[in-house]
Structure formats: structure tokens, C-alpha cells
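Please look over the structure shown here, with attention to its ligand surroundings, its helix packing and its backbone geometry.

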Amino acid sequence: MHHPRRRLRIPALLIAALSAAAALTAATAPAALAHQLISPQRQTRSQSYNGLALTPPMGWNDWYQYRCTVTEDDVLANAKALVSSGLARLGYRYVNLDDCWMAPERAADGQLQADPTRFPHGIAWLASQLHAMGLELGVYESFGDTTCQGLPGSYGHYQQDADTFASWGVDFLKFDYCGLPAGTTSASLEADYQAMSQDLLASGRHIVFSEELPIAAGDANPANANYLPYVAYSSQIANMWRVAPDLTTNFNSTIFGHLANDLPLASYAHPGAWNDLDMLLTGASGYNWTVQQQETQMSIWAELASPLIDSSDLTNMSASTMQILSNRAVIAVDQDPLGKQGQLVAQQGTVDVVAKPLANGDVAVLLANTSAAPQQASTTAQAVGLHPAGAYAVSDLWVNTTRETAGVIAATVPAESAMLLRVSPLPGLAAYAFPPLTDVSATAQVPPAYPGSQFEVAQPGQTVPVTAMFQNEGLAPATDVSLSLAGPSGWATGSPVSVGTVPTGQETDGTWQVTVPAGTAAGDYTLTATTAYNWGPRRTASESGQTEIQVDTPPAGTPTLDGLSWLSAVNGYGPVGINENYYGGPLSIHGVVYPHGLWVNSVATLYYYLGGNCSAFNVDLGLDDSDKGTGAVDYEFYADGNQVYNSGVVTNSTPTIHASVNVTGANVLELYVGEGNGTINYGNADFGNPQLTCAS
Ligand code: GAL
């Protein structure tokens, strides 16, 4: 998903700095919080049903890394890595086999057996190896006739399988929702999961019960009528239950989607019973999440008291994977013995403010920003549920800094990420042991490409005002405050400005006129505002905030779109094809091959930057010849938000359309491909020779 980006991109000629010498603005009043407290849900049991998992289980699972290729050697190698790295000592002790550990057939007596090739020594042997290393073994099964990979399911064998697992020394069972037996109803489903829950108890071995009932049955959608009842039910018969679909490579939709699913479920979690957000993908190959994204996932998982079960190749762990997984302060939030899941206390624009009370009276505060621009968030010690105190310590659990605040907790949360803070009441003068809590935000004021546009694009040579705002929430005043702005190399950003003292609860700001250097290539450019200040008798501190400027150059001459980069592209399926269709073949409409063009799948939206430099857009339109389906599309074009073309319904039998559109003066051209008659079957739409006519 593409979000509008607030960015600037201009080389900074830091022309006039902080002219008003950083006039102190009025005291910062804590923003009024839009409380969205969750009403308590039915919860009839507050204890673990089997006495297990009093804190969320931690460990490793093979699925996202190995899928159905997993072998006992892989499992043992990862188990050894858990021990040798020290992760096991931090709590990562469950080593869980997912689907595909079992042979395609049960034995003659109906017993499950391990895949003879990949697990030649069998599961009991594997369990004994793991136990000797101080670890626990988990296995996977499904409630139905088959597993999700078509292997033997447990249906009709629940007690037999529970007893088998117990006899093998299994410590954990993930019980999936696949292979639906004929005639399954919601009531029978509940009865089936309840049966396995009881059969595990009856096996006489302590086996953690992890189930996936609500996700599939309730469609993992809190709006689905079945969802809450399944979660409520699961919280009484299981130790953990999945509350969201499998993770995907799309970080923003998958991680923030999981957060949104789980926030309304906070009251179902308690010691022994946890909402399960699925595995951690810290270090997982094929995902390529940034360090900040991996930290964000773990912050959300910890705040929501989700199990922490990593699914990567730990035998090849990078230093950064180890650093993230071993963050003791974050683990402590997840594993806090009070066993409360974080609750949403406010939504401030795109920032969720979530508070998790901890056993020692501290509160873990998660600030999760779903937008593509940094966002300021502000809450108070009182709003997140802390007892009254003269001051509070605010520890950022990833940056590992501690600051003091008189009560306001304000921060600028980077784009599409989360911050995890631990806030503790401070006795008396202890506050003065820490620098004051301060926040610096930077904003580049690039005008929208047209009124209401999501795009803010600067051209080389354009001058953009960039404002840095500094606020002090500490008890101690910040003295000798100076603000400075730094840009990418080659950008002039001007000199720092001194603004004197900023008392508690007050803010100051400064603005620089930054010119994007001539010749700057298209791209996103980061500007960093930094405030340096003194506090206490002789101590110094600093704080930074960032903004981005998106720079683009208008097209010139008569380019075709395959040679330009878009501002944003969202395609119905797969990547947009550039000079090729989905299958990698040439673009062709009714037998005419187009060496230059684009392929999309409806519904798709592409935006191109024209910068007011073009007059016409000419293109051939039609479904790609690779499309033998019954689908239909329609093409709609918009210049600066105004519709300039609408093809009507286009099907396989529609002759090639030539569209010739006036785009004079427009900054942004939007190409939208809709569903035509509403049939989305094979909406493979081509843009043949999509050509702009622009000034040179
Ligand atoms: C899915 C489940 C995954 C994995 C997979 C195995 O239903 O959500 O976590 O267990 O089955 O086939």
C-alpha cells in the first residue's frame, strides 16, 4: 500500500535562519486525548486452564524459514543456536515443529509417525535431544482430516494423538484449522477444540495448547460475528490462539493489520491465555524488513503480550537479529508477571497510544504510527494509568535512553513504526538525575501537488521552508538551547540558531529556507533537525527529528511511461509489468505488440509527476492478449484530481481504444483501472505506447 508522503526534497540553502530568534511559543498544553477505552469483555476465567504459560511462550518455529523442507538437523542446529547465543537463557525455550513433520500415512495402529526421511530418528528422540539442552519441543497438528499441507489431520484421533505426543515427550501443540470435516458447524468446532484441550490434560503430560480456531473460522476480522465468541471461548480452553492471518512480506499492512485486530481483544489475555499475533520475523530471510521494522514488530508483540516465537534461521543469525531478539527490556514488557495485554488509550491521528500496566507499577507505552510521515504524539502519565508522582522516568527501550518528565509524554514517532517506552514514577529529587524529556520534530512545508493531493513534490531549485520544533516536558529547564538543521551532502542548510532557555512545558521553533540544489536526482531526501541544550549544572544533551523531501523532475520531450518512475503504484495483483505482461511475455492488444507500455491488473492506480510541463497523453488501451478470461476493466484518467478520460467498460471483445487526453498544466496524472462491469476475473489491462507530450 502506498501512503501519501509528506516529504520534501530540496537541497537546502539554509537561507534565513530562525529569524525571530526562536521566539518561545506558548506553553505546550497536552493535546486533548481522544479516549477510546475498550469496554471490558466477558471473561470468566482468569487462571491458566492447565497451569501452563503463565507468561507468553517464547521460542522458535521452523515455518517461515523452512516450510515443508524442514529436517531434524535444521531443528537441532537452531536449537543449538538458541542455547549458544544465550537466547534460551532469555526465555526462548520452545522449539516448535510446524506442519510437515509427519509422514503422509499413519501407522497400521493409527499412530502418527514422523516423516522417515526428514526426521529419521523420530520425534521422541528429538524431544530427548532438546530436553537434554534444557529446551522444550512443540509439534503441529490440525483439528480436521488433514493439515494445511494435506498430511494426516487429528480428526478422529484426538486422544490417541494427545497420548502419542505425551509419550514422545512433547511440550507444546499448535492445533491448526485445516481439513474441515464434512458437516462442521461453529458448535462442533468448539466441541472439537475443547476435546483436544481436554485430551491433552488427560494425557498426563504438561502440554501447552496453542490453537488457531478463531483466525480461520472467524476470518480474523473483529467485525465478523464469530470472531469474539471464538476468542472468548479460546481464552478458556487454550494457552494461546491466533488472532490474525499469516504474516506477509508487506510490512505495513501485515504488522499494523495485526495490531488493529488484536487491540480490541486485550481483555481476553491473562496469565496462561494469550492472544497470538503469529511468529516474529526478526532475521527471517525473504522478508528484508529494516531494523526499525523488526523492532516495531517486537515492540507491538511485547506490548500486546503475544508469544515471542521467532521463525528465522538462527544458525546464520546476524548481530542485529541477535540484538533485537535479546533486548531484555522489551522481553520484560512481554513477560511481565502481571500478565496484562496493552489497551488502546487514545488514537491521535495515525498514532495508536497503547498502555500496558506492569507488575511493579510502571506502564509500558506503545506509540504506533501507521502513516508514511513522522507524527507527533502526546499523552500523559495520568492518561496511561500511572499513579500520581512529581516526575516520571521515560525509558525508550530500543534507543536505551532514560529521560525525566513532569507528566507529559510526547514524542515524534517515525513513519510506519512504533516506539516502546517504559514509564516509572520517580521519587522526589530523583528526577534531576536524568535529562529532561524533550521532543524535536521537523516539518518540510512542500505544498501539495494540487489542492487536496496526497503528493508533496519539490523540484530541483525550489525553496522549501523547513521548521524544527523543540519542546521540553522535563521538570528541569533546557538552557543554552540551539537548533540546527542538516541535509544530505551538497545541500546547504544554514547555521544553528541559539534560542536561550526553554522551561518545562514550553516549546520553541525555528524555520530555515532550504533550496533543493539544482540537478538533484528524483528521490526522497532526509533532513535532520537537532537541538543541543544544557540541563542541570553542567550537563549537555541533544535530541533529533527528521523529515523527508520528495524531489522529482517533470518529464521533458515525448517520453513513454515505461521510462519514467511513478510517484506511486498500487496494482491489483503482482507488480506492474513494464514492457511485459504478467507472464513475462510482450504486451499485445488484438495482435498488436507494444514494445513500450505497462501491464496492470484491476483494480490499479498509478500516479505520475508531470510538474505542469506536459500538454497531452496518448495511449492505446485494451486487455492484454494473454488474458483469456471473462473479465472487464475500465480506464479512468485524472489530471490534478479532475477526470479527463473514462473509457467505459472494456472487455476482450472491445476493439483497441486510442485515448488522447489534454493534461495541460497538470502536476500529477493519475491512471486508474477499475473493474468495468464489476467482474474482476482476469482484469489484465494494457497501456500500449503510453506517451506524454511535454516541453523540452
Ligand atoms: C497455516 C498456519 C501457519 C502454518 C501453516 C502450515 O494455517 O496459519 O502458521 O502453520 O498453516 O501449513
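The points below are grouped by topic. The model is predicted, and the briefing takes up the residues around the ligand, two helix pairs, and two local features of the backbone.

**Ligand surroundings**

- The ligand is surrounded by Trp63, Asp98, Asp99, Tyr140, Cys148, Gln149, Lys174, Asp176, Glu212, Arg242 and Asp246.
- Among these residues, Asp176 places a polar side-chain atom 2.8 Å from an oxygen atom of the ligand.
- For Glu212, an N or O atom of the side chain is 2.5 Å from an oxygen atom of the ligand, and for Asp246 a side-chain N or O atom is likewise 2.5 Å from a ligand oxygen atom.

**Packing of H2 with H3**

- Helix H2, which covers residues 72-85, packs with helix H3, residues 122-132, at an angle of about 10°, and their axes are 11 Å apart.
- Angles under 35 degrees count as roughly parallel, and H2 and H3 are therefore roughly parallel to each other.
- The crossing in which H2 passes H3 is right-handed.
- On the H2 side the contact is made by Glu72, Val75, Leu76 and Ala79, while H3 contributes Gly122, Trp125, Leu126, Gln129 and Leu130.
- By residue class, this contact of H2 with H3 divides into six nonpolar residues, two polar residues and one charged residue.

**Packing of H8 with H9**

- Helix H8, residues 251-262, and helix H9, residues 291-303, cross at roughly 10°, and their axes come within 10 Å.
- This crossing angle makes H8 roughly parallel to H9.
- The residues of H8 that make the contact are Phe251, Ile255, Phe256, His258 and Leu259, and those of H9 are Gln293, Thr296, Gln297, Ile300 and Trp301.
- In the contact of H8 with H9 there are six nonpolar and four polar residues, with no charged residue.

**Backbone geometry**

- Most residues other than glycine have a negative phi, and most peptide bonds are trans.
- Ala53, although it is not a glycine, has a positive phi of about 55°, and its position is in the loop between strand E2 (24-25) and strand E3 (58-61).
- The peptide bond from Ser602 to Val603 is cis, with omega near 0°, and Val603 is found in the loop that lies between strand E31 (597-601) and strand E32 (604-609).

Technical notes
Residues are numbered from 1 along each chain as its sequence is written. This is a predicted model: local features need pLDDT of at least 70, side-chain atom pairs count only at pLDDT 80 or more; totals for chains, interfaces and linings use all residues. Side-chain values use heavy atoms; hydrogens and water are left out. Axes are lines fitted to C-alpha atoms, for helices over the stretch in contact, and angles run from 0 to 180 degrees between N-to-C directions. Helices (H or I, at least four residues) and strands (E, at least two) are DSSP runs, numbered from the N terminus. Angles under 35 degrees count as roughly parallel, over 145 as roughly antiparallel, 65 to 115 as roughly perpendicular and the rest as oblique. A crossing is left-handed if the near helix is turned anticlockwise from the far one by less than a right angle, and right-handed if clockwise. Contact means heavy atoms within 4.5 Å. Ala, Val, Leu, Ile, Met, Phe, Trp, Tyr, Cys and Pro count as nonpolar, Asp, Glu, Lys and Arg as charged, and the others, Gly among them, as polar. A residue is near a molecule or strand if one of its heavy atoms lies within 4 Å of it. A polar contact is a pair of N or O atoms within 3.5 Å; within protein, one must be able to donate a hydrogen and the other to accept it, and residues adjacent in sequence count only if both atoms are side-chain atoms.
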